[in-house]
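Hi,

Here is the structure I said I would pass on. Have a look at it first, and my notes follow underneath.

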Protein chains: 2
Amino acid sequence: MKFMDISEVSKQTGIAASAIRHYEEKGLITSVGRRGLKRLFGPDVLDQLALITLGKTGGFSLEEIKAMFGPDGRPALSRPGLHQKADDLDRQIQTLEALRDMIRHVADCPAPSHMECPKFQQLIRISGRRKRGERSARHAKPSDRFPLAADHHRLEKNKMS
Amino acid sequence: MKFMDISEVSKQTGIAASAIRHYEEKGLITSVGRRGLKRLFGPDVLDQLALITLGKTGGFSLEEIKAMFGPDGRPALSRPGLHQKADDLDRQIQTLEALRDMIRHVADCPAPSHMECPKFQQLIRISGRRKRGERSARHAKPSDRFPLAADHHRLEKNKMS
DNA sequence: CTACAAATTCAAGTCGACTTGAGGTCAATA
DNA sequence: TATTGACCTCAAGTCGACTTGAATTTGTAG
């Protein structure tokens, strides 16, 4: 009773079978073998899928997740690379805390427009005071609340070549 | 000197002009008028764009951001709706903290495979103990680490019809 | 032994958030 | 006044992460 077919894994995790196949294709998980055509998964896959779900919540791409927690269990990323990711997460967490506070404020503030509320304005300013190297859910940020964002005269191409 | 053209806004914020136009099209910001063909923006747009950037970091879609902080300054979302978003964020923050801890652990743990490390295993279990209603960066989650995820017999269609 | 539900592959489609490109318009210089 | 360069519009393209559909292949239940 150790091995599960894909529908069992799907049931246990709530992840669609098509997505599970997709993760296997991309090398994030591996099946232990086949019974006929059908994939068989070991119990470890449940933890790996939990990790994938977690990573996605953090806005990481499947590639990044694979680099951090590959199915082999050995990260493809260097130790400093991993610490970098962790530091990015710390910054993202702070951003999220700021955002949460602003949303709560908007919910409760009696001002007709939150933009007119001095407290809200202040929250925006605070949120801008982050260090460099911000990382967002999906693609990296060139600048966070424009701390002298205009590195040079960039006239449309704000992306790396 | 109050009004800026799009390239000025782009320089100040680091956001591509094409993206700024896109936000205007989607109704997240508004320009104060035109000089000939060219859009003119007031200074407020800088705060609004900072808010958009912030929202995206939180994994919100442009639609959601618009509902929370529309350019009119009045949220389209009800007070409970907003508190819901804030609570979602709180949960997301906890998830991110767990993820950060795991990444740091992977970086420092001497075990050949993190999956074999009992401490790591433990971190995964902990991360699974969240409440319902998780929201991820991009599309909602049906279940987080499968706390009896199989609501019924769902045999592939894990998405709303 | 046959039927059938459940899996499989592979190609194509979808969705959000932009970007890119072609062709057009203007306000400010030279 | 004639250029020019920044901006404009609109259509189409891109990218990641899947989903969907059509055409097969099984293992198992009847």
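I'll start with a single residue: Ile6(A) sits in helix H1 of chain A. Keep in mind throughout that this is a predicted model. Is Ile6(A) buried or exposed? It has 21 C-beta neighbours inside 10 Å, and the cut-off for buried is 20 or more, so Ile6(A) counts as buried. Leaving aside residues up to four places away in sequence, Ile6(A) touches Ala17(A), Ile20(A) and Arg39(A). If you want a long-range distance to check in your viewer, Ile6(A) and Leu77(A) are 71 residues apart in sequence, and their C-alpha atoms are 29 Å apart in space.

For contrast, try Ser78(A), which lies in the loop between H4 and H5 of chain A. Ser78(A) has 11 other C-beta atoms within 10 Å; exposed means 12 or fewer, so Ser78(A) is exposed. From Ser78(A) to Leu89(A) you go 11 residues along the sequence and 17 Å through space, C-alpha to C-alpha.

Now the chain as a whole. Chain A has 6 helices and 2 strands, and along the sequence they run α-α-β-β-α-α-α-α. Chain A has 161 residues, of which 33% count as buried. If you take the contacts in chain A between residues at least 6 apart in sequence, 43% of them join residues at least 24 apart.

Next, helix packing. Within chain A, helix H5 (residues 79-108) and helix H6 (residues 118-128) have axes that come within 10 Å and cross at roughly 170°. Angles over 145 degrees count as roughly antiparallel, and that makes H5(A) roughly antiparallel to H6(A). On the H5(A) side the contact uses Thr95(A), Ala98(A), Asp101(A), Met102(A) and His105(A), while H6(A) brings Lys119(A), Phe120(A), Leu123(A), Ile126(A) and Ser127(A). Sorted by class, this contact of H5(A) with H6(A) has 5 nonpolar, 3 polar and 2 charged residues.

What about the matching pair in chain B? The axes of H5(B) and helix H6 (residues 118-128) of chain B come within 10 Å and cross at roughly 170°, so H5(B) and H6(B) are roughly antiparallel to each other. Here Thr95(B), Ala98(B), Asp101(B), Met102(B) and His105(B) of H5(B) meet Lys119(B), Phe120(B), Leu123(B), Ile126(B) and Ser127(B) of H6(B). The class count for H5(B) with H6(B) is 5 nonpolar, 3 polar and 2 charged.

There is also a packing between the chains. Helix H3 (residues 44-57) of chain A packs on helix H5 (residues 79-108) of chain B at an angle of about 120°, with the axes 9 Å apart. That angle falls outside the parallel, antiparallel and perpendicular ranges, so H3(A) and H5(B) are oblique to each other. Their crossing is left-handed. Leu54(A), Gly55(A) and Thr57(A) of H3(A) make this contact with Gln92(B), Thr95(B), Ala98(B) and Leu99(B) of H5(B). How do the residues of the contact of H3(A) with H5(B) divide? There are 3 nonpolar, 4 polar and no charged residues.

Last, the DNA. Around DNA strand C there are 23 residues, and the nearest are Ser7(A), Arg39(A), Ala19(B), Gly36(B) and Ser61(B). Elements that each supply at least two residues of this surface are helix H1 (6-13), H2 and strand E2 (38-40) of chain A, along with H2 and helix H4 (62-68) of chain B. Which one gives the largest share of the surface near DNA strand C? H2(B) does, with 3 residues. The surface near DNA strand C divides into 8 nonpolar, 6 polar and 9 charged residues.

DNA strand D is also surrounded by 23 residues, with Ala19(A), Gly36(A), Ser61(A), Ser7(B) and Arg39(B) closest. At least two residues each come from helix H2 (17-25) and helix H4 (62-68) of chain A, and from helix H1 (6-13), helix H2 (17-25) and strand E2 (38-40) of chain B. H2(A) gives the most to the surface near DNA strand D, with 3 residues. By class, the residues near DNA strand D are 8 nonpolar, 6 polar and 9 charged.

Cheers

Notes
Residues numbered from 1 in each chain as written. Chains lettered and ligands numbered in written order. Predicted model: local features only at pLDDT ≥ 70, side-chain atom pairs only at ≥ 80, totals over all residues. Near = placed C-beta within 6 Å. Helix = DSSP H or I, 4+ residues; strand = E, 2+ residues; numbered from the N terminus. Nonpolar A, V, L, I, M, F, W, Y, C, P; charged D, E, K, R; others polar. Axes fitted to C-alpha atoms, helices over the stretch in contact; angles between N-to-C directions. Parallel < 35°, antiparallel > 145°, perpendicular 65-115°, else oblique. Left-handed = near helix turned anticlockwise from the far one by under 90°. Contact = placed C-beta atoms within 7 Å.
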